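Work through the exercises below with the sequence and the coordinates at hand. Each task is followed by its solution.

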Amino acid sequence: MSSDHGHHHEPGFIRKYLFSVDHKVIGVQYAVTSLVFLFIGFSLMMIMRWQLAYPSAPIPFIGGWLASAVQGVVDKTGTLLPEGYNALGAMHGTIMVFLGVVPLAVGGFGNYVMPLQIGAPDMAFPRLNMASYWVFLPGGIIMLASFFVPGGAANSGWTAYPPLSVTANVTGTNPFWNGQTMWLLGMIFLITSSLLGSVNFIVTIVHLRVKGLQLFRMPFFVWAQFVTAFLLLLAFPPLEAAGVMQLMDRVFDTSFFMPSGLVVSGQLQEYSGGGSPLLWQHLFWFLAHPEVYVLILPAIGIVGEVIANNTRKPLWGYRVLVYSIIFLGFMSFVVWAHHMFLTGMGTTLSTFFQTTTMIISVPSVVILTAFLLSLYGAAIRFTVPMLFAIAFLPMFAIGGLTGLPLGLSASDIHLHDTYYVIGHFHYVVAPGTIMALFAGIYYWFPKVTGRKMNDFLGKLHFWPTLIFMNAVFMPMFFVGLQGVSRRLWDQTSYVTGNETHNWVKMSSWGAWMLGLSQLPFIINFFYSAFAGKKVAANPWAATTLEWAAPSPPPHGNFPEVPVVYRGPYEYSVPGSRQDYSPQHVPDAKLA
Amino acid sequence: MLATRYWLPPDISSHGSAIDNLIAYLHVFMAILFVGWGIFFIYCLIKFRARAGHLARYDDVKAKPSKYAEVLVVAIEAVLLVGISMPVWASYRNEPPKDDPLIVRMVAQQFAWNIHYPGPDGKFGRTEPKLVNEISNPIGLDRDGDPAAADDVVSINNFHVPKGRDVVVRLSSKDVIHSFAVPLLRVKQDVIPGMEIPVWFKAVKSNDEVREAMTTTVALPTSEADIEPFAHKHRGDVFMGDFGQGAAGQPLAARGGWVTKETIAALVQAKVVEVAVAPKDPVNIQCAQLCGLGHYRMLGQMQILEPDAFTQWLESQTGGAEEFIDDE
Amino acid sequence: MSTTATEVLPHTLTPHPVTGMYNGKFGLWLFLASEIMLFGALFSSYVLLRVHGAFPHHGEHSLSVKIGTINTMILITSSVTMVLAWAAFKLNEPGKGRMFLAATALLAIAFLVIKLTLEYQHKYHEGIRPDTSTFYAIYYCMTGLHGLHIVGGVIVIGYFLLPGFGMWKTNPEQYINRIECTGLYWHFVDLVWIFLFPVFYLL
């Protein structure tokens, strides 16, 4: 398994950078790949927002190129087609969640930082780690390639509800060579990659911690990755099962999700029938609800790290935080049908799921409150990572709070499938998770590269990003309260859609400005990687173990295996010489 | 005037106020939490910023107030859940109106709403997927084989209902999942193929009343170039009065007439400054579940009529499969 | 080779004091947990579809209980040979171990051949395919997925029998662990069949 370590010959380029088993290389591979996917997914939305703001107007600059390069997205004048709008929408969601945020948060940050934070030389299964990346990448490529097949990419939403998803994208004679089937195949790759990774994370965290690193001395980031890994391990398989069943419905004409007697476009469908569209929804949401906690938990972990480091005091209520995050993970498995309130659900089921949904809001509130209380009595350093971590707090609050009207079925009657939902979840993921991920990038960049990112460019990135995130998503609540439906190519034919159109324009301009605001980050990222200010092992004066390794750490991470003597956030310990006491330094050497 | 609250659209249903109240209470609750957190947040950012001579404190601050606040939060959520949401949901799902409701079937399809009335005999004729003909018989009604079908009425996209009477809609779909949503009636229900799901409501205002209440006065464009966008923006509207005067003394824009580019141009030329307009069909039916490329144009219209007008309308329909698509 | 060279990563071989397992075994149990969720989701789907009325129960299906029973016996026997293989290696009897590994693989292949020819192929000739009815859809789906898992197991056993057998000489402790993990997987696949058989053939 790790017999490579016994030999000291330098591996060639391919073994070192491409097919490496080193968790740090794999982490960077995941991070860079997912950042590219995030950029692509965001670009899809920037195109959609043109149609929303200026319905039926040809897309400027790239309309012509789109018409020639891709099928089924724009018409020959370069105007977005309704089916193209649906395809971009479905792929935006899929790419952002499965190819962007989760691979970055778990595959990128988790892979790179977690083993360092527990003092391990690598993951428990380095080759499995490599395999999981190389299964992820083809999955992503299949997803992107689906834009170029007959009929274009999947266009039934990232939720892929049958019977629409089974009857859609059926142009052409080859049952495999179409967008929806490729979406399903791509998902199978991505789910497999995720399963391989989650096994690795759990075994590593439980087995590979160094001496002295008891569970309740682990950094909160490691706890977050730990719970996340369980969610991925246990929640994804039902979607894999559902994906196989939908594939069979599409390719082999089975009727898992297809009821009898369907008449599509005037044609009576020849399915054996008897299937249930609701079966898909239950299986899908059984994964997809824990999935959204997969989206937020690593971010919460990162925010915890950055706050502790930049308040120069321990996180408030470490144990409370740990119990809350475990409880949150557990509860996330029993709330899924709050996405299905309007499917004809009666009082028993809806009461159950409303109750569990209300209960799950408690640990979220506790975690947010604990972070806020961590600011009390602090000595706050407004470094660039801290700016993002601080901004996360009110943004996550808005996202979480707006989940309440959706989680109660009576108010959900009016708000279900409206822009209110889009506003809610984007607040959690975009000004929430993504800003936390930025905090993590700025924070751990020096560890990965040995250089700091530029502070001025960082602030130039932060402030416009914060402002424009709100400009894009806050108006959506107003549009949603008016009852405007989601996924509409043109909202203005509806009275309420027409009246709220100015908000829509504001969101669109906000989105384009948000895109521009990322330029300082992109420049900073690449410039600093090569020419940024060089720093030593611990530029942030942090306590956790990753900062004990050199920057960047060598193969095997720690020249000497560390031993842990104290908790993860021993900052400003009364009577100590410095305002931080690293985990690996014995008491004698501190005082 | 129609009451609107906190960015909610007008509520013209009999059951909607409970939903609106819940939404309002929730948002007040959310605002209190957010502002409370926010004040503490800003206070900390300012008071505890790092500066010369200022040190962080190591001990955990005892956070009794926040523990009480957390308990209060849970209590309020419980009250909202048990006190409002559960009863509202129960009556929304479990208690169909018993007082002589109008019962209709609605068959959703890509991309239209087919409304099926049982006719004077009160019985729905049999429908059969094999009999579906998209042009002449979209719901597959067995007019020849089933005597109960002879007096049935089928209308498309325009859902006529009487004001002030309970309406029960038995929803089904021909092809994919749709969702019957009428925001102004606070009604939404997924329409799932293979299932028939009922939903009910009572409209307390007619289309005419809603239109009157939604009337706004808008300034006409001053330049040529703005006429087209103005007309496009108001393409679903009608004039709510007579405006301008033509050569023979007739109004350039008559009450109830569509807002068109030509009429606007004529009014602008006649130096008319402003007009009163309102949506012709102010109570829209939306599809609230992605159903394909035509999802955005699954626009239906509620036609809420005074009881007599409704009876007149129903009687005027034949048992044939005439289409009532409002073409603009 | 020395144990230090093979255990740069802690607990590759030595069990962890708290979990009592070496890394691979813990990892495999976690993998099995996810497999339980996978097959559990499919079994739940079967239940939901059946309760929903997707397939009438009586007379609808004509699965041969005889063939199913034979296959069940074959698979149970293969689980026994799998354990015997691991025991043989642990007792330092690689010859016997390889023999039992080969027996396991052969029994698995027999299972697959019977399934493919006497069941699937036979049904196809009768015109009974996945699209014939939803019962057969889920039958083919679940037994097919189970069959794929058996194929996977055969490949792994084949690997340790032939090209991977070199590890017995270089690192016997790790080789035994891998056989143990393979056995765990194999018992799970057998267990899934123990549930599949009554659900589809008997109930």
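**Exercise 1. The nonpolar core**

Task: Find which residues touch the most other members of the largest nonpolar core.

Solution. A nonpolar core is a set of buried Ala, Val, Leu, Ile, Met, Phe, Trp, Tyr and Cys residues joined through C-beta atoms within 7 Å. A residue is buried if 20 or more other C-beta atoms lie within 10 Å of its own, exposed if 12 or fewer, and partly exposed in between, with C-beta atoms placed from the backbone. The largest core holds 331 residues, and those touching the most other members are A:Ile202, A:Val303, A:Phe388, A:Ala389, A:Phe392, A:Ala436 and A:Ala439. Take A:Phe388 next: leaving out residues up to four places away in sequence, A:Phe388 touches A:Met435, A:Ala436, A:Phe438, A:Ala439, A:Tyr442 and A:Phe462. Contact here means that the C-beta atoms, placed from the backbone, lie within 7 Å.

The model is predicted; local features need pLDDT of at least 70, side-chain atom pairs count only at pLDDT 80 or more, and totals for chains, interfaces and linings use all residues. Residues are numbered from 1 along each chain as its sequence is written, while chains are lettered from A and ligands numbered from 1 in the order in which they are written.

**Exercise 2. Two interfaces of chain A**

Task: State how many residues of chain A and chain C are in contact, and which elements of chain A contribute.

Solution. The contact involves 36 residues of chain A and 35 residues of chain C. On the chain A side, two or more residues each come from helix H7 (179-207), helix H8 (220-251) and helix H9 (277-311); helices (H or I, at least four residues) and strands (E, at least two) are DSSP runs, numbered from the N terminus. H8(A) gives the largest share, nine residues.

Task: Do the same for the contact between chain B and chain A.

Solution. Here 82 residues of chain B meet 86 residues of chain A. Two or more residues each come from helix H1 (16-47), helix H2 (64-94), strand E6 (178-182), E7 and strand E12 (284-287) of chain B. The largest share, 16 residues, is from H2(B).

**Exercise 3. The sheet in chain B**

Task: Give the strand order of the five-stranded open sheet and identify its edges.

Solution. Chain B has six helices and 13 strands. The order in the sheet is E4-E13-E12-E6-E7 (chain B), with mixed pairing; strands pair if DSSP finds at least two bridges between them. Strand E4 (158-162) and strand E7 (187-191) of chain B are the edges, each pairing on one side only. E4(B) pairs with strand E13 (residues 300-305) of chain B in the parallel sense, over five bridges. Within this pair, B:Val161 stands opposite B:Ile304. Across E4 and E13 of chain B lies helix H6 (residues 307-316), which runs at about 130 degrees to E4(B). Such angles run from 0 to 180 degrees between N-to-C directions, with axes fitted to C-alpha atoms, for helices over the stretch in contact.

**Exercise 4. B:Val283**

Task: Is B:Val283 buried or exposed?

Solution. First locate the residue: B:Val283 is in the loop between strand E11 (274-279) and E12 of chain B. B:Val283 counts as buried because there are 27 C-beta neighbours inside 10 Å. Setting aside neighbours within four places in sequence, the contacts of B:Val283 include B:Val182, B:Leu184, B:Gln301 and B:Ile304. B:Leu171 is 112 residues from B:Val283 in sequence and 19 Å away in space, C-alpha to C-alpha.
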